Amino acid sequence: MKKIFTTAMLALLGAGAYAQTIPQTTQGSIVVSGSVSLSNETSENTSYEPASKNTYRSINLYPSVGYFIQDGLEIGTGIGLRHQTSINKTDELKTTSRTKTISLSPYVRKYIPLFEQLHLHGTAYASFGIGNTTAKNNQGSSSEVVSTHQSVGIGAYPGLTYFATPRLGFTATFGSLSFENSREKAEEAQSSDWSRKSNYFRADFSPNSISLGLSYFISR
């Protein structure tokens with residue numbers, strides 16, 4: 001009975017997935033996506049005393065929902081969740097800072113078919129984020145400083161989607177151009193002297209810019 005049930009379920013899923021032979025990037029379709037990117041970097045500084053070792057780790061999650069306003073043209077909104085850990089370590093002192101950020105990112109994406117199952121796409125977006133940073137060290141009694149930050153930005157990046165079925169796509173994005181305006185302020189401080197404003201323009205084509213994701217397309 002278990003074998004019969006499993007076979008029936010696979011047949012049902014297969015029939016739904018292959019009901020159509022072309023990817024569902026047509027007007028009126030809905031796409032639900034999710035992507036993740038990881039980063040782990042380590043560097044050592046021996047030019048100054050005391051020598052130090054720096055470790056940087058981050059994980060980024062990005063679920064999103066989009067709608068095709070015309071064939072091959074998607075608009076949508078994503079939510080970015082980022083957790084970063086930075087560790088600076090010398091022989092006597094270890095400082096650990098953690099940053100958590102949540103952002104809202106409306107976007108527009110254009111698909112260009114290279115082959116029936118492989119589509120190139122370009123994405124332009126705006127982002128609005130808030131978060132906080134906590135830092136601790138192990139010298140004497142542990143100290144902790146918390147700051148909050150806000151940011152707005154715009155950017156663009158390319159990507160590829162491979163349609164394993166007309167409804168299921170595996171996505172890879174790589175590289176990005178972006179501009180961001182951010183403001184950071186110590187949580188306990190009320191004076192503007194404690195705030196910091198920054199503008200960043202980034203052109204990132206490193207391996208750390210690669211993000212892998214999964215998309216499910218729902219036809220109208």
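This report describes the fold, the surface patches, the salt bridge and two buried strand residues of a predicted model.

## Overall architecture

The protein in this predicted model contains one helix and ten strands, and, when it is read along the sequence, these elements follow the pattern α-β-β-β-β-β-β-β-β-β-β. Of its 220 residues, 33% count as buried, while the area that the protein exposes comes to about 14,100 Å², of which carbon and sulfur atoms supply 60%.

Contacts in the protein often span long stretches of the chain: among those between residues at least 6 apart in sequence, 61% join residues at least 24 apart.

## The nonpolar surface patch

A nonpolar patch of about 940 Å² lies on the surface, and it is made by Val36, Leu38, Ile59, Leu61, Ile79, Leu81, Ile102, Leu104, Phe128, Ile130 and Val152. At least two residues of this patch come from each of strand S1 (30-45), S2, strand S3 (73-89), S4 and strand S5 (118-137).

Leucine 61, one of the patch residues, belongs to strand S2. Its relative accessible area is 40%, so leucine 61 is classed as partly exposed.

## The positive surface patch

A positive patch on the surface is formed by Lys53, Arg57, Lys89, Lys94, Arg98, Lys100 and Lys136. Two elements, strand S2 (52-70) and strand S4 (94-113), give two or more residues to this patch, and S4 gives the most, with three residues.

Arginine 57, which is among the residues of the positive patch, is found in strand S2. Because its relative accessibility is 40%, arginine 57 counts as partly exposed. Strand S2 therefore carries both arginine 57 and leucine 61, each of them partly exposed at 40%.

## Two buried strand residues

Glycine 66 also lies in strand S2, but its relative accessibility is 2%, and so glycine 66 counts as buried. When neighbours within four places in sequence are left aside, glycine 66 is in contact with Ser29, Ile30, Val31, Glu74, Ile75, Gly76 and Tyr107. Glycine 66 and valine 32 are separated by 34 residues in sequence, and their C-alpha atoms are 6.5 Å apart in space.

Threonine 96 is found in strand S4, and it is buried because its relative accessible area, 13%, falls under the 20% limit. Apart from neighbours within four places in sequence, threonine 96 has contacts with Thr85, Ser86, Ile87, Thr134, Ala135 and Lys136, and the last of these residues, Lys136, is also part of the positive patch.

## The salt bridge

How many salt bridges does a search of the whole structure find? The search finds one, in which the side chains of arginine 196 and glutamate 184 meet at 2.5 Å, N to O. The pair links distant parts of the chain, since arginine 196 is in strand S9 (residues 195-204) and glutamate 184 is in strand S8 (residues 176-186), twelve residues apart. Side chains of opposite charge can pair when their charged atoms come close.

The two partners fall into separate accessibility classes: arginine 196, at 52% relative accessibility, counts as exposed, whereas glutamate 184, at 22%, counts as partly exposed.

Note on methods
Residues numbered from 1 in each chain as written. Predicted model: local features only at pLDDT ≥ 70, side-chain atom pairs only at ≥ 80, totals over all residues. Heavy atoms only, no water. Patch = residues over 30% accessible without salt bridge, like charges linked within 9 Å, V, L, I, M, F, W, Y side chains within 5 Å. Areas by Shrake-Rupley, 256 points an atom, 1.4 Å probe, with all protein chains shown as cover. Salt bridge = Lys/Arg side-chain N within 4 Å of Asp/Glu carboxyl O. Lys, Arg positive; Asp, Glu negative; His and termini not counted. Charge placed at Lys NZ, Arg CZ, Asp CG, Glu CD. Helix = DSSP H or I, 4+ residues; strand = E, 2+ residues; numbered from the N terminus. Buried < 20%, exposed > 50% of the residue type's maximum accessible area, 1.4 Å probe, protein only. Contact = heavy atoms within 4.5 Å.
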